[in-house]
Amino acid sequence: MDVKLIHIPKVHDVRGSLAVIEGDCIPFKIARVYYLFDVPSDAYRGGHAHKEQQSLILALSGSFEVVVNNGSKNERYLLNKPNIGLYIPTGVWREIENFSSGAVCLVLASTNYDENEYIRDYDTFLSSKQS
Ligand code: TYD
């Protein structure tokens, strides 16, 4: 699976840490940024794949788990560091769960929001992988 963790370069000194995403740091141009917050611990987010969109998911605060599936295998990632993001290429089913209290999930996306570009039905997703 081409899903991978990406370390965001950071500058650290006694005043704290600063992480910066620019240039070739991530493998796509950012078209949109959105974030999830005030998420109940038993909430389940995601549950879809994309026909075009690539994403980078970051735990800006707190932690959560991302389960990814490429149609043939599952992988589970715990995100709990603001400078380590999970890159998800197009055509990968993702689910996000087990949010800690105060977790903030930042998503950098390669496309503008377009509901037609989503695959929200798991069987449809699996069929798209077989064709
Ligand atoms: P949804 O895709 O269910 O969120 P998640 O993937 O985190 O579970 O989106 C929730 C709602 O927000 C849904 O009505 C679509 C809307 N939405 C936008 O209007 N713009 C956006 O950029 C996104 C990501 C979602």
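**Close-up 1. His-48 and His-50 meet side chain to side chain.**
In this predicted model, the side chains of His-48 and His-50 are joined by a polar contact of 3.5 Å. Look for His-48 in strand 5. Is His-48 buried or exposed? With a relative accessibility of 7%, His-48 counts as buried. Leaving out residues up to four places away in sequence, His-48 touches Val-92, Trp-93 and Arg-94, and also Tyr-118, Ile-119 and Arg-120. Keep His-48 in mind for the next view, since an oxygen atom of the ligand is 2.7 Å from an N or O atom in the side chain of this histidine.

**Close-up 2. The ligand and the residues around it.**
Which residues surround the ligand? They are Arg-32, Tyr-34, Leu-36, Arg-45, Gly-46, His-48, Tyr-113, Tyr-118 and Arg-120. If you sort this shell by residue type, you will find four nonpolar, two polar and three charged residues. Two strands are good landmarks here: strand 4 (32–36) and strand 5 (45–50) each supply at least two residues of the shell.

**Close-up 3. Oxygen atoms of the ligand and their partners.**
Start with Arg-32, where an N or O atom of the side chain is 2.5 Å from an oxygen atom of the ligand. At Gly-46 the partner belongs to the backbone: a polar backbone atom of Gly-46 is 2.8 Å from a ligand oxygen. At His-48 the partner is in the side chain again, with an N or O atom 2.7 Å from an oxygen of the ligand. How much of the ligand does the protein bury? Taken alone, the ligand exposes 540 Å², and the protein buries 61% of that.

**Close-up 4. Two cysteines without a bond.**
How many disulfides does the model have? The count comes to zero. Why is Cys-25 not bonded to Cys-105? The closest cysteine sulfur to that of Cys-25 is in Cys-105, and it is 17 Å away, which is too far for a bond, because a disulfide needs two cysteine sulfur atoms within 2.5 Å. Seen from the other side, Cys-105 is in no disulfide either, and the nearest cysteine sulfur to it is that of Cys-25. Cys-25 counts as buried at 19% relative accessibility, a value that falls under the 20% limit for that word. Cys-105 is buried too, with a relative accessible area of 0%.

**Close-up 5. Leu-79 and its contacts.**
Leu-79 lies in strand 8, which covers residues 74–79. Its relative accessible area is 2%, so Leu-79 is buried. What does Leu-79 touch, apart from residues up to four places away in sequence? Its contacts are Leu-5, Ile-57, Ala-59, Gly-62, Ser-63, Phe-64, Val-66, Ile-84 and Leu-86. For a sense of distance, try tracing from Leu-79 to Tyr-122: these two residues are 43 residues apart in sequence, and their C-alpha atoms are 24 Å apart in space.

**Close-up 6. Leu-78, in strand 8.**
Leu-78 is also found in strand 8. Is Leu-78 buried or exposed? Leu-78 is exposed, with a relative accessible area of 52%, whereas Leu-79 is buried. Setting aside neighbours within four places in sequence, Leu-78 is in contact with Ser-63, Phe-64 and Glu-65. Val-66 is 12 residues from Leu-78 along the chain, and the C-alpha atoms of the two are separated by 6.5 Å.

**Close-up 7. Ser-63, in a loop.**
Where is Ser-63? Its place is in the loop between strand 6 (55–61) and strand 7 (64–69). Ser-63 is buried, with a relative accessible area of 18%. Not counting residues up to four places away in sequence, Ser-63 touches Leu-78, Leu-79 and Asn-80, together with Asn-98, Phe-99, Ser-100 and Ala-103.

**Close-up 8. Positive phi angles at Asp-38 and Asn-98.**
Asp-38 is not a glycine, yet its phi is positive, at about 55°. Asp-38 lies in the loop between strand 4 and strand 5 and counts as exposed, at 71% relative accessibility. Asn-98 is another residue other than glycine with a positive phi, near 55°. You can find Asn-98 in the loop between strand 10 (93–97) and strand 11 (104–109). With 43% relative accessibility, Asn-98 counts as partly exposed.

Methods:
Residues numbered from 1 in each chain as written. Predicted model: local features only at pLDDT ≥ 70, side-chain atom pairs only at ≥ 80, totals over all residues. Heavy atoms only, no water. Near = heavy atom within 4 Å. Polar contact = N/O pair within 3.5 Å; in protein donor to acceptor, adjacent residues only side chain to side chain. Areas by Shrake-Rupley, 256 points an atom, 1.4 Å probe, with all protein chains shown as cover. Helix = DSSP H or I, 4+ residues; strand = E, 2+ residues; numbered from the N terminus. Nonpolar A, V, L, I, M, F, W, Y, C, P; charged D, E, K, R; others polar. Buried < 20%, exposed > 50% of the residue type's maximum accessible area, 1.4 Å probe, protein only. Contact = heavy atoms within 4.5 Å.
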